[in-house]
Amino acid sequence: MSFWLIQSLNSLALGGVLFTLAAGFSLIFGLMRIANLSHGAYFMLGAYVGLSVLDQGYGFGWAILAAGLAVGVLGAVVERLILRRLAGKTLAQVLATLGIAFIIADASLWVWGGDPRPVSAPGFLRGAMHLFGLTFPAYRLAVLAISIVIALGLWLLLDKTRLGVMIRASVDDMQMARAMGIPASRLFTIVFCLGAALAGIGGVIAAPILSVYPGMDADMLPLALVVVILGGLGSLAGAFVGSFLIGFIYSFGQVLAPNLAYFILFLPMVVILAARPRGLFGRLSA
Amino acid sequence: MRRLLLVALAAAALTLPLWAGGAYYVNLASQVMIAALFAMSLNLLVGYAGLTSLGHAGYLGLSAYISGWLMLRLGWGHGAAAAAALAGTTAMAALFGLVALRASGISFLMITLALGQILWGVAYRWADMTGGDNGLSGLTRPSPFGIDLGPPDRFYFFTLGVLVVVAGAIAIWVRSPFGASIRATRDQARRASALGFNVWLIRWLTFVVSGFLGGVAGLMYVYYHQFISPHSISLANSAEMLLMVIAGGPGTLVGPVLGATLVVLLKNLASAYVDRWVMLLGIVYVLIVLFLPGGIVAGLDRLGTRLGRGARLPSRTSEAPAPPGATEASH
């Protein structure tokens, strides 16, 4: 009984982490039609920045803030200086984002070294929580809560603000949105910056669970891809549902069939693609 | 002019061990040719069919692991293991094609990336079968007709032979009516479909052939290194193959060879002099897409036009992908 509960909680926590990664990826794709293959690298860079802030003795909140800011600014710079020049050239964008991913990965290896670095959860979340006579690792609950807050915030931003209306209009019909005077170019920078910042924050909150290590980027990127393929590109709800679905499949797979955990990810993707090539919530065809 | 160039190139290739100045350079040439095999097989998809795959290293791994595993664990001979490896890789490509071709464009790229990473994950995690992070070592090179391919010179000529056969086969294939229909599905999928071509089937067959040739390259890779590990299947490796195709010139016959030469030489040169060659490679990615759009072949072509010498390689450039929005295929 408690095995299933604990594993479910692990799945939910992983799902929450995946959501911070997949939401930005999906938004960036929806608006800019860029498959941002440096997204995993932003995630890892965020984790490393958070680690350094924690090493300096600052708290977890500062680590999240610093990682979000640093990675977000980097994302904005990359969008302005590189991706902007490649507008409309899909292949070139893919290679450029990959190149950026390699640069970030190698720079991280240079700065932070090659050994995995464990990160401890903030003090008040370190222990276990007792609820209904069961014990839960408190930090996983906190991760779940943070990701739900982020999801709510994103939903409010997209659904209730003027900026969100402009973003949704541009996702649905870029030409028409431009004709209506929506500053699409500024939106690109904002959304790319936001997506990168979310990935960076995701890296920090994932660090106590996954620890921080070189290769984290290449581990997380395919998970994010599977999430958005399942959920549907450009859809926030799709990223949310897909993240938790993959969180469950991957966590349980790792416990029940550790050798084939990666392979099991393949199955839902095949089923969804066979039945609904656009993903569960997708309206866009790439 | 072109024929002269070709003869000079052939003469240089055939005599390379004589003037290269040592085993290191002969081996480097073999590495270039093996990389060229990968790039050419990937180019079928990327350049001719317009389907950008980022999981091509998976076929390398699959064919290398199957042949290595059969020889090490079951004691199979080289011939049988190679045949089984090619059959297995082709079957996997057929299966992956069914999945990936549900989509096109960026979604296709993301699905192939995910599939490739899943193969990597299996190689890395299923340690009982694959040796995990350590990979499979202690493999040997084959001895076709009793000729031991251990020495660098012999292996160089063997690789050269395979490269010539594969390049010839690809040249014939893409110039055949079927090759024309592949380009038609790339340039004008809807029109091709309206004309009665089965676009899906054409793409799927190209996908499978590309996977098969990737398997051939994978065998050469494992023969050369006599070792296979998950590192060889990584996303970085798939990306490198794609870089070779794009740097050289997608949809051309010589482009992938030029791209492979550039990337392999750069990698060897850089790793000899610079510690941080992964970063350098990343910078090269960005610089190439910013400043060399269309690849080396298109760049040379532009240079040729500018110099006004008529060195325009017409039959090759006409095979290059049409710019988006072009209404007519160039054929």
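**Interface, core and helix packing in a two-chain predicted model**

R33(A) is partly exposed, because 19 other C-beta atoms lie within 10 Å of its own; a residue would need 20 or more to count as buried. The structure to which R33(A) belongs is a predicted model. R33(A) sits in the loop between α1 (2–32) and α2 (39–55) of chain A. Its backbone is notable in one respect: R33(A) has a positive phi of about 55°, although it is not a glycine. Most residues other than glycine have a negative phi. Chain B offers a further case, Q226(B), which is not a glycine and has a positive phi of about 55°. Q226(B) is placed in the loop between α11 (199–225) and β2 (227–228) of chain B. With 14 other C-beta atoms within 10 Å, Q226(B) is therefore partly exposed.

From these loops the account turns to the contact between the chains. Chain A contributes 40 residues to this contact, and chain B contributes 35 residues. On the side of chain A that touches chain B, at least two residues come from each of α4 (90–112), α9 (216–231) and α11 (261–275) of chain A. The largest share of that side is supplied by α4(A), with 15 residues. Sorted by class, the side of chain A that touches chain B comprises 34 nonpolar, three polar and three charged residues.

The nonpolar core may be considered next. The largest such core has 208 residues, and L95(A), A224(A) and Y285(B) are those with the most contacts inside it. Helix α3 (residues 23–48) of chain B provides the largest share of this core, 16 residues. Which residues does Y285(B) touch, not counting residues up to four places away in sequence? They are L95(A), A96(A), L98(A), G99(A) and F102(A) of chain A, together with L243(B) of chain B.

Helix packing within each chain adds a further level of description. Two packed helices are described by the angle between their axes and the distance between the axes. In chain A, α9(A) and helix α10 (residues 236–256) have axes that come within 8 Å and cross at roughly 125°. The two helices α9(A) and α10(A) are therefore oblique to each other, since the angle falls outside the ranges counted as roughly parallel, roughly perpendicular or roughly antiparallel. The crossing in which α9(A) passes α10(A) is right-handed. On the α9(A) side, L223(A), V226(A), V227(A), V228(A), L230(A) and G231(A) take part; they meet G238(A), A239(A), V241(A), G242(A), S243(A), L245(A), I246(A) and Y250(A) of α10(A). This contact of α9(A) with α10(A) contains ten nonpolar, four polar and no charged residues.

Helix α10(A) also packs against α1(A): the axes of α1(A) and α10(A) come within 7 Å and cross at roughly 140°. That angle makes α1(A) oblique to α10(A), and α1(A) passes α10(A) in a right-handed crossing. The contact of α1(A) with α10(A) has 15 nonpolar, ten polar and no charged residues.

Helix α10 of chain A also holds G253(A). This glycine, G253(A), is partly exposed because it has 19 other C-beta atoms within 10 Å. Leaving aside residues up to four places away in sequence, G253(A) touches L260(A), A261(A) and I264(A). G253(A) and I264(A) are eleven residues apart in sequence, and their C-alpha atoms are 6.8 Å apart in space.

A helix pair in chain B can be described in the same terms. The axes of α3(B) and helix α13 (residues 255–273) of chain B are 8 Å apart, and the helices pack at an angle of about 135°. As a result, α3(B) is oblique to α13(B). The crossing of α3(B) and α13(B) is right-handed. Among the residues making the contact are L28(B), Q31(B) and V32(B) of α3(B), and G255(B), P256(B) and V257(B) of α13(B). The residues of the contact of α3(B) with α13(B) are eleven nonpolar, six polar and no charged.

The last stop is a loop of chain A. Is M180(A), in the loop between α7 (174–179) and α8 (184–210) of chain A, buried or exposed? M180(A) counts as exposed because it has 11 C-beta neighbours inside 10 Å, and the limit for this class is 12 or fewer. The C-alpha atoms of M180(A) and A169(A) are separated by 9.9 Å, with the two residues eleven residues apart along the chain.

Methods: Residues are numbered from 1 along each chain as its sequence is written. Chains are lettered from A and ligands numbered from 1 in the order in which they are written. This is a predicted model: local features need pLDDT of at least 70, side-chain atom pairs count only at pLDDT 80 or more; totals for chains, interfaces and linings use all residues. Two residues are in contact if their C-beta atoms, placed from the backbone, lie within 7 Å. Helices (H or I, at least four residues) and strands (E, at least two) are DSSP runs, numbered from the N terminus. Ala, Val, Leu, Ile, Met, Phe, Trp, Tyr, Cys and Pro count as nonpolar, Asp, Glu, Lys and Arg as charged, and the others, Gly among them, as polar. A nonpolar core is a set of buried Ala, Val, Leu, Ile, Met, Phe, Trp, Tyr and Cys residues joined through C-beta atoms within 7 Å. Axes are lines fitted to C-alpha atoms, for helices over the stretch in contact, and angles run from 0 to 180 degrees between N-to-C directions. Angles under 35 degrees count as roughly parallel, over 145 as roughly antiparallel, 65 to 115 as roughly perpendicular and the rest as oblique. A crossing is left-handed if the near helix is turned anticlockwise from the far one by less than a right angle, and right-handed if clockwise.
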